[in-house]
Amino acid sequence: MNRDIFEQMLSRYPMDSVDARRNATYEVLQQVVLCGLYRGGFFSEAAFYGGTCLRIFHGLERFSEDMDFSLLRKDPSFSMEKYFPAIIDECRLLGREVEITLKDKQSFGQVESAFLKDNTDVYDLSFHTEKGIKVKIEVDTQPPLDFDTEERLLLQPFSFMTRCLTLPNLFAGKMHALVFRTWKNRVKGRDWYDFEWYVRNSVPLNFHHLQVRIREFNGKELDMEQFAELLKEKLAASDMAQVKNDVRPFLKNSHDIDIWSNDYFLQLADMIQYT
């Protein structure tokens, strides 16, 4: 019966290509992980944020592989390991076998470590039943604070609530990543896709939380005008072909980004609503 629930969850997604099946499997497994964390009481201590949060709870039309969490208060002694049994048990109930390991950040490549704080714990969830599927979990144990959260409902594999950052605070995190992520000559096109989504959906940007993030990550004090200038510099200088190539495998319809150009994003920047 429980194995059937996993297949029912998968059946909601199109399976017309290898990428589509892979993306759907990722998302179903992510929801199972969230369910396990809920059962274990994790969301009394932490909140979900990032692209996967936006995808699962707000209908973002792109898939996302990693799961990002922020503690609700700074706690350098926090250990994620106490929640491992709840994740493992939930996966096992649905016929999935998972192994969870703490990653050694010293072994990260330049790309993987380029935007990772020293006080962020990183875990790999490797699924034996889904070869090649590995979900990365990042938990910021000393996060930038002054953000708001809300409870969001999921109905499968059973009804449960996930504590998430609210949209204006998610937008702040995304704009911080877009402007300050340093990948040398690479860009993360998924940041640009999410930026477009926030503007299109008239989500206001919590600039105070963005300032907190910039201060703690980058040691800078910026006002709105200074940030807007940095944003436009980044948008004008980026290689749009690289931006498109990065995000295309995560899209249902690659034609959604045909209109993208540097000028397109510069105009989007002028449409940001700050709060």
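**Exercise 1. In which helix is the place of Glu225? Describe its surroundings.**

Step 1. The model is a predicted one. Find Glu225 in helix α9, which covers residues 224-237.

Step 2. Check its exposure. Glu225 has a relative accessible area of 66%. Exposed means over 50%, so Glu225 counts as exposed.

Step 3. Look at its companions. Glu225 gathers with Asp223, Glu229 and Glu233 on the surface. Together these residues form a patch of negative charge.

**Exercise 2. How many bridges join strand β6 to strand β7? Work out how the two strands are connected.**

Step 1. Locate the strands. Strand β6 covers residues 149-154, and strand β7 covers residues 160-165.

Step 2. Give the bridges and the direction. Six bridges join β6 and β7, and the strands run antiparallel. As one example of pairing, Glu151 has Arg163 in β7 as its bridge partner.

Step 3. Name the motif. The two strands form a hairpin, with five residues between them.

Step 4. Inspect the loop between β6 and β7. Pro157 has its place there. The peptide bond leading from Gln156 to Pro157 is cis, with omega near 5 degrees. Most peptide bonds are trans.

**Exercise 3. Which residues make the nonpolar surface patch of about 390 Å²? Place Met161 in the picture.**

Step 1. List the members. They are Tyr38, Leu153, Leu155 and Met161.

Step 2. Find Met161. This residue lies in strand β7.

Step 3. Classify Met161. Its relative accessibility is 35%, so it counts as partly exposed.

**Exercise 4. Asp146 and Ser202 are not glycines. What sign does phi have at Asp146, and what sign at Ser202?**

Step 1. Recall the usual case. Most residues other than glycine have a negative phi.

Step 2. Take Asp146. Its phi is positive, about 60 degrees. Asp146 has its place in the loop between β5 (134-140) and β6. With a relative accessible area of 48%, Asp146 is partly exposed.

Step 3. Take Ser202. Its phi is positive too, about 55 degrees. The loop between α7 (189-200) and α8 (207-218) holds Ser202. Ser202 is partly exposed, at 44% relative accessible area.

**Exercise 5. Why is helix α3 described as largely enclosed by the rest of the structure?**

Step 1. Count the buried residues. Helix α3 spans residues 51-58, and eight of its eight residues are buried.

Step 2. Name them. They are Gly51, Thr52, Cys53, Leu54, Arg55, Ile56, Phe57 and His58.

Step 3. Draw the conclusion. Because eight of eight are buried, α3 is largely enclosed by the rest of the structure.

Step 4. Look just past the helix. Gly59 follows α3, and its phi is positive, near 75 degrees.

**Exercise 6. What distance separates the C-alpha atoms of Lys74 and Asp140, and what distance those of Ile5 and Asn262?**

Step 1. Place Lys74. This residue is found in the loop between β2 (67-71) and α4 (84-93). At 37% relative accessibility, Lys74 counts as partly exposed.

Step 2. Give its distance. Lys74 and Asp140 are 66 residues apart along the chain, and their C-alpha atoms are separated by 8.6 Å.

Step 3. Place Ile5. Helix α1 (residues 2-10) contains Ile5. At 17% relative accessibility, Ile5 counts as buried.

Step 4. Give the second distance. Ile5 and Asn262 are 257 residues apart in sequence. In space they are 44 Å apart, C-alpha to C-alpha.

Terms used: Residues are numbered from 1 along each chain as its sequence is written. This is a predicted model: local features need pLDDT of at least 70, side-chain atom pairs count only at pLDDT 80 or more; totals for chains, interfaces and linings use all residues. Side-chain values use heavy atoms; hydrogens and water are left out. Patches are made of residues with over 30% relative accessible area and no salt bridge: like charges are joined within 9 Å, nonpolar side chains (Val, Leu, Ile, Met, Phe, Trp, Tyr) within 5 Å. Accessible areas come from the Shrake-Rupley method with a 1.4 Å probe; for residues, only the protein chains shown count as cover. A salt bridge is a side-chain nitrogen of Lys or Arg within 4 Å of a carboxyl oxygen of Asp or Glu. Lys and Arg count as positive and Asp and Glu as negative; His and the chain ends are not counted. The place of a charge is taken as NZ of Lys, CZ of Arg, CG of Asp or CD of Glu. Helices (H or I, at least four residues) and strands (E, at least two) are DSSP runs, numbered from the N terminus. Buried means under 20% relative accessible area, exposed over 50%, partly exposed in between (1.4 Å probe, protein chains only). Two strands pair if DSSP finds at least two bridges between them.
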